[in-house]
Amino acid sequence: MPSWAPAIGLTVLPHVGGLLGGLITRKEVKTWYTTLAKPSWRPPNWMFAPVWTTLYTSMGYGSYLIYKELGGFTEDAVVPLGLYGGQLALNWAWTPIFFGAHKIGWGFFEIVLLTGTVVLTTASWYPISKTAAYLMFPYIAWLSLASTLNYVIWRDNKDKSE
């Protein structure tokens, strides 16, 4: 395998779920989502795609740094990359729950679990690569905003959550 392949593959990997989730989101943002009460402070819809593109690239490259530092998928990589894989699966699951199934409350509980897993992932990365851990900080900040937004939408639309 070429030496650059893990860097490219691990950096691109998070985008796979993001692209698939985008297919669900694109339809629902124009229909169901427009019917929901949303707070005035929410980011504009156009902002989500560039933010998630940046966050997916950062977390993916961070995972590569951990992979590289630990010599690949070794025994030492089980916890830090396992947590990373878990948070990535939770990340990819949120869109089908919130936008696909219209389960706003479930989405809130899922995003809280996701945020906790991202914090644990970041903490496990810090002793291995401070740079990789720092690449996760904007993600944690965005998830804090997204969790709050999800909660407020849930609170204000309990009648529209199926």
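In the next few minutes I will go through the core, one buried threonine, a surface patch and the salt bridges of this structure, which is a predicted model.

Let me begin with the interior. The largest nonpolar core holds 39 residues, and among these F98 and Y139 are the ones that touch the most other members. Five helices, namely α1 (5-30), α2 (45-69), α3 (78-100), α4 (104-125) and α5 (130-156), each supply at least two residues of this core, and the greatest contribution comes from α5, which gives 11 residues.

Staying with Y139, you may ask which residues it touches once those up to four places away in sequence are set aside. With that restriction, Y139 touches W52, L55 and M59, then Q87 and N91, and finally L114 and V118.

V118 also brings us to a polar detail, since its backbone oxygen lies 2.8 Å from a polar atom of the side chain of T122. T122 itself sits in helix α4, and with a relative accessible area of 6% it counts as buried, because that value falls under the 20% cut-off. If we leave aside neighbours within four places in sequence, T122 is in contact with A133, M136, F137 and I140.

Now to the surface, where L13, V16, L20 and L23 together make a nonpolar patch of about 360 Å². I would single out L13, which has its place in helix α1 and which, at 34% relative accessibility, counts as partly exposed because this value lies between the 20% and 50% limits.

The last topic is charge. Side chains of opposite charge can pair when their charged atoms come close. How many salt bridges does the structure hold? There are two salt bridges in the structure, and I will take them in turn.

In one of them, the side chains of K27 and E28 meet with an N to O distance of 3.2 Å. Here the partners should be described separately, given that E28 is buried, with a relative accessible area of 8%, whereas K27 is exposed, at 56% relative accessibility.

The other salt bridge joins the side chains of R155 and D156, with 2.8 Å from N to O. For this pair, D156 is partly exposed at a relative accessible area of 36%, and R155 is likewise partly exposed, with a value of 44%.

To close, I would come back to Y139, which, together with F98, touches the most other members of the largest nonpolar core.

How values were computed:
Residues are numbered from 1 along each chain as its sequence is written. This is a predicted model: local features need pLDDT of at least 70, side-chain atom pairs count only at pLDDT 80 or more; totals for chains, interfaces and linings use all residues. Side-chain values use heavy atoms; hydrogens and water are left out. A nonpolar core is a set of buried Ala, Val, Leu, Ile, Met, Phe, Trp, Tyr and Cys residues joined through side-chain atoms within 4.5 Å. Buried means under 20% relative accessible area, exposed over 50%, partly exposed in between (1.4 Å probe, protein chains only). Helices (H or I, at least four residues) and strands (E, at least two) are DSSP runs, numbered from the N terminus. Contact means heavy atoms within 4.5 Å. A polar contact is a pair of N or O atoms within 3.5 Å; within protein, one must be able to donate a hydrogen and the other to accept it, and residues adjacent in sequence count only if both atoms are side-chain atoms. Patches are made of residues with over 30% relative accessible area and no salt bridge: like charges are joined within 9 Å, nonpolar side chains (Val, Leu, Ile, Met, Phe, Trp, Tyr) within 5 Å. Accessible areas come from the Shrake-Rupley method with a 1.4 Å probe; for residues, only the protein chains shown count as cover. A salt bridge is a side-chain nitrogen of Lys or Arg within 4 Å of a carboxyl oxygen of Asp or Glu.
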